[in-house]
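Colleague: I am new to this structure. Please take me closely through one part, from a helix to the core and the sheet.

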Amino acid sequence: MKRVYTWLLISVLLIVIVCTPAAAHRGRTDAHGGHYDRSTGEYHYHHGYGPHQHIDGICPYNFDDQTGENSWGSSSGSNSGSGGYPIERDNTGEAKSKSSGFNVSDLLMVGSFIAVPLAALWIWASIYSAISSRREKKYRTAQEAEAARQMAETAKRLEQALLIKAKKEADEKAEFERMREIYLTHYAGRSALNAACPPPNVCIGPDDLPKELSTKDWGPTFTYYVAPKGSVFHSNKRCHPSATQKVHAVLLAGTRKTPCRKCCPVLPDLAWYRRYKENKGVMEQYKICDFPDD
């Protein structure tokens with residue numbers, strides 16, 4: 001914005017300088033009231049008036065030495081017309097008549113007063129437009145660079161995340177294969193039940209609960225009875241008239257029911273069954289074939 005103000009100030013100064021009318025110069029004159037123009041080498045007279053020539057030795061003005069006065073300033077006497085301008089005379093001494101209205105020089109002066117400000121305004125508008133366009137282009141370039149930088153950072157973070165994920169998956173796969181080899185060696189073709197070392201004459205029923213081989217149901221080893229709202233369990237349903245509900249030993253072990261003091265039931269050791277469930281879960285996790293029981 002400072003550059004815009006600077007160019008505006010320069011434009012205003014140019015307008016003021018160009019539009020200011022030039023005054024007649026005050027160069028030193030000799031005893032005849034004239035001097036040589038250094039730019040053209042021509043000798044002309046002043047003696048208080050504008051530069052002119054004495055044709056046939058006669059001054060076009062009724063000579064009245066005004067040396068020391070302003071070249072176009074007002075003067076007293078009959079040698080000055082209205083507005084303080086000197087009266088120009090011909091060779092006979094008669095005053096030359098001046099045509100009324102604007103002449104060509106006046107029109108050129110008026111045109112310059114109109115054209116110069118317009119030209120300065122056009123120059124200023126062009127400079128301002130160029131500066132604005134350059135600033136907008138610079139802003140767009142900065143935005144594009146920032147967007148590109150953010151996209152590059154996002155792509156880099158995504159690439160790093162993908163690399164981390166791929167490495168994690170590779171590590172998990174390697175760990176999976178290592179553990180699978182360990183369990184394959186451990187089971188060595190045995191089933192989950194055989195690897196759990198169950199007691200003799202025991203198998204797993206269709207409900208995935210232990211049962212005796214010689215019975216169709218769970219068998220007396222794993223069958224107990226409880227009352228619907230009772231807090232004790234029995235080994236025989238005839239121990240108590242309300243003990244009509246059949247419960248498996250595995251399910252009963254997870255409750256707070258206490259054994260009956262009359263029939264004194266004892267729950268079997270189910271550690272082997274817990275090992276069986278663990279073996280079965282490992283085989284399913286590591287895709288190890290569970291061979292059928294013999």
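Modeller: Helices (H or I, at least four residues) and strands (E, at least two) are DSSP runs, numbered from the N terminus. The model is predicted: local features need pLDDT of at least 70 and side-chain atom pairs pLDDT 80 or more, while totals for chains, interfaces and linings use all residues. Residues count from 1 along each chain as its sequence is written, and side-chain values use heavy atoms, without hydrogens or water.

Helix α2 covers residues 104–187 and includes Leu118. Leu118 counts as exposed because its relative accessibility is 54% (exposed is over 50%, buried under 20%, partly exposed in between; 1.4 Å probe, protein chains only).

Helix α2 also supplies at least two residues of the largest nonpolar core, as do α3 (192–195), β3 (202–204), β5 (223–226), α4 (249–252) and α5 (271–285). Such a core joins buried Ala, Val, Leu, Ile, Met, Phe, Trp, Tyr and Cys through side-chain atoms within 4.5 Å. This one has 26 residues; among those touching the most other members are Tyr187, Leu252 and Trp272. Helix α5 gives the largest share, 5 residues.

Beyond four places in sequence, Leu252 touches Tyr224, Val226, Phe233, Val247, Lys257 and Leu267 (heavy atoms within 4.5 Å).

Phe233 leads to the sheet, where it stands opposite Pro259 in β8. Strand β6 (residues 232–234) runs parallel to β8, joined by 2 bridges; pairing takes at least two DSSP bridges. The open, mixed sheet has 4 strands in the order β7-β5-β6-β8. Strands β7 (245–248) and β8 (258–259) are at the edges with a single partner strand each, so each has one side without a neighbour in the sheet.
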